[in-house]
Amino acid sequence: MDSYSKSSSPFDCLLFDLDDTLYSSKIGIAEALRNNIDDFLVEKCGFSQHKAPSLRSELFKTYGSSLAGLRALGYNIDADEYHSFVHGRLPYNLIKQEPQLRNLLRSIPQRKIIFTNSDRNHAIAALKRLGLEDCFEKIICFETMNPNLPNSTRPDQFPVLLKPSMDAMKIALRAADVDPRRTLFLDDNSRNVAAGKALGLSTVLVGKTVKSPEADYVLEKIHNLAQVVPEIWAAAAGDRINRSKSKSDMDSILVTAAATVGA
């Protein structure tokens with residue numbers, strides 16, 4: 001028998017993505033974001049209206065975001081200006097209160113942390129609209145993964161780090177102070193899920209009906225969490241991990257995982 005009681009939950013912490021995970025990609029926010037990014041590419045970078053959508057898609061696939069891609073290509077884009085333009089103009093009124101989800105989250109006894117590629121201002125605004133701003137211990141976001149970016153003197157000095165980058169994932173896990181083997185990671189992006197799995201996390205692919213190869217669970221909606229992963233609530237007193245031991249164990253896991261994936 002392992003060191004954990006059969007009656008205890010296998011998880012001590014849950015890491016939740018935000019956009020398209022805690023609320024649906026179909027409400028209009030994702031579409032508005034794409035339009036805002038296209039406008040940024042046209043108005044701030046000089047690309048044509050015709051070129052912008054395909055460029056946005058290519059930058060996302062290659063670099064994880066348009067901001068990361070533009071800076072990698074030599075455009076000296078200020079992150080705060082970018083986020084203010086693409087997130088600051090979003091129709092947040094489309095995000096509605098989620099009392100059912102709030103009750104679900106508040107019933108989870110473990111630590112709960114937001115892990116998003118978005119900037120902090122957007123994360124706070126979205127969580128407030130959802131009515132979930134007090135449901136999470138911490139927000140790990142763009143600023144967490146890119147603390148040196150405001151000090152850069154040229155675009156390539158500090159590459160933008162975002163999920164699914166292994167470096168970004170490692171920063172986030174250290175910021176969360178978790179043992180990956182005792183952590184559940186929920187995200188709507190299969191590449192992010194794959195990165196989480198490579199670092200030892202248990203993984204949930206959200207917003208889909210078919211599991212990706214690296215997903216341990218799949219949720220069509222976040223509201224189905226209790227039905228699909230009931231072991232979250234199987235917590236037993238006295239089974240909390242030793243935090244200092246967890247950090248040491250996590251560091252060894254991260255080194256092994258980085259070698260495995262060539263990070």
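Buried here means under 20% relative accessible area, and C45, a useful residue to select at the outset, is buried because its relative accessible area is 15%. C13 can be selected alongside, and with a relative accessible area of 1% C13 is buried as well. While the cysteines are displayed, note that a search of the whole structure finds 0 disulfides. What is on screen is a predicted model.

**The whole chain**

Switch to a cartoon view of the full chain, in which 11 helices and 6 strands can be followed. Of its 263 residues, 49% count as buried. Among contacts with a sequence separation of 6 or more, 67% are made by residues 24 or more positions apart.

**The cores**

Next, select F40, L41 and L70, the residues with the most contacts inside the largest nonpolar core, which has 38 residues. Two or more residues of this core come from each of β1 (13-16), α1 (29-43), α2 (52-63), α3 (66-72), α4 (79-86), β2 (111-115), α7 (142-145) and α8 (166-176), so colouring these elements is a convenient way to keep track of it. Of these elements, α8 supplies the largest share, 6 residues. In soluble globular proteins, nonpolar side chains tend to be buried together.

Stay with F40 and display its surroundings: leaving aside residues up to four places away in sequence, F40 touches C45, L70, I77, E81, Y82, F85 and V86. The buried C45 from the opening of the tour is thus found again here, among the residues that F40 touches.

Then move to L104, L132, L186 and I232, which are included in a second, separate core of 35 residues.

**Two partners of α1**

Keep α1 on display and add α4. The two helices pack at an angle of about 130°, with their axes 8 Å apart, and α1 and α4 are therefore oblique to each other. To see the contact itself, select L33, N36, I37, D39, F40 and E43 in α1 together with E81, Y82, F85 and V86 in α4. By class, the residues of this contact divide into 6 nonpolar, 1 polar and 3 charged.

Now hide α4 and bring in α2, whose axis is 9 Å from that of α1, the two packing at an angle of about 110°. That angle makes α1 roughly perpendicular to α2. Here R34, I37, D38, L41 and V42 on the α1 side meet A52, P53, L55, R56 and L59 on the α2 side. The contact of α1 with α2 holds 7 nonpolar and 3 charged residues, with no polar ones.

**Loops that come back to helices**

Select R89, in the loop between α4 and α5 (99-106). Is R89 buried, partly exposed or exposed? At 41% relative accessibility, R89 counts as partly exposed. R89 and L33 are 56 residues apart in sequence, yet their C-alpha atoms are 8.6 Å apart in space. Not counting residues up to four places away in sequence, R89 touches N36, D39 and S84; N36 and D39 are also among the α1 residues that meet α4.

From there, go to L161, in the loop between α7 and α8. The C-alpha atoms of L161 and Y63 are 9.0 Å apart, although 98 residues separate the two in sequence. With residues up to four places away in sequence left out, L161 touches M145, N146, D167, A168 and I171.

**Backbone details to check**

In the loop between α7 and α8, select P164 and look at the peptide bond that leads to P164 from K163, which is cis, with omega near 5°.

Two aspartates complete the tour, and for both the backbone torsions are worth displaying. D20 lies in the loop between β1 and α1, and its phi is near 65°, a positive value in a residue other than glycine. With a relative accessible area of 24%, D20 is partly exposed.

D177 is found in the loop between α8 and β4 (183-187). Although D177 is not a glycine, its phi is positive, at about 55°, and at 23% relative accessibility D177 counts as partly exposed.

Methods:
Residues numbered from 1 in each chain as written. Predicted model: local features only at pLDDT ≥ 70, side-chain atom pairs only at ≥ 80, totals over all residues. Heavy atoms only, no water. Core = buried A, V, L, I, M, F, W, Y, C linked by side-chain atoms within 4.5 Å. Buried < 20%, exposed > 50% of the residue type's maximum accessible area, 1.4 Å probe, protein only. Helix = DSSP H or I, 4+ residues; strand = E, 2+ residues; numbered from the N terminus. Contact = heavy atoms within 4.5 Å. Disulfide = S-S within 2.5 Å. Axes fitted to C-alpha atoms, helices over the stretch in contact; angles between N-to-C directions. Parallel < 35°, antiparallel > 145°, perpendicular 65-115°, else oblique. Nonpolar A, V, L, I, M, F, W, Y, C, P; charged D, E, K, R; others polar.
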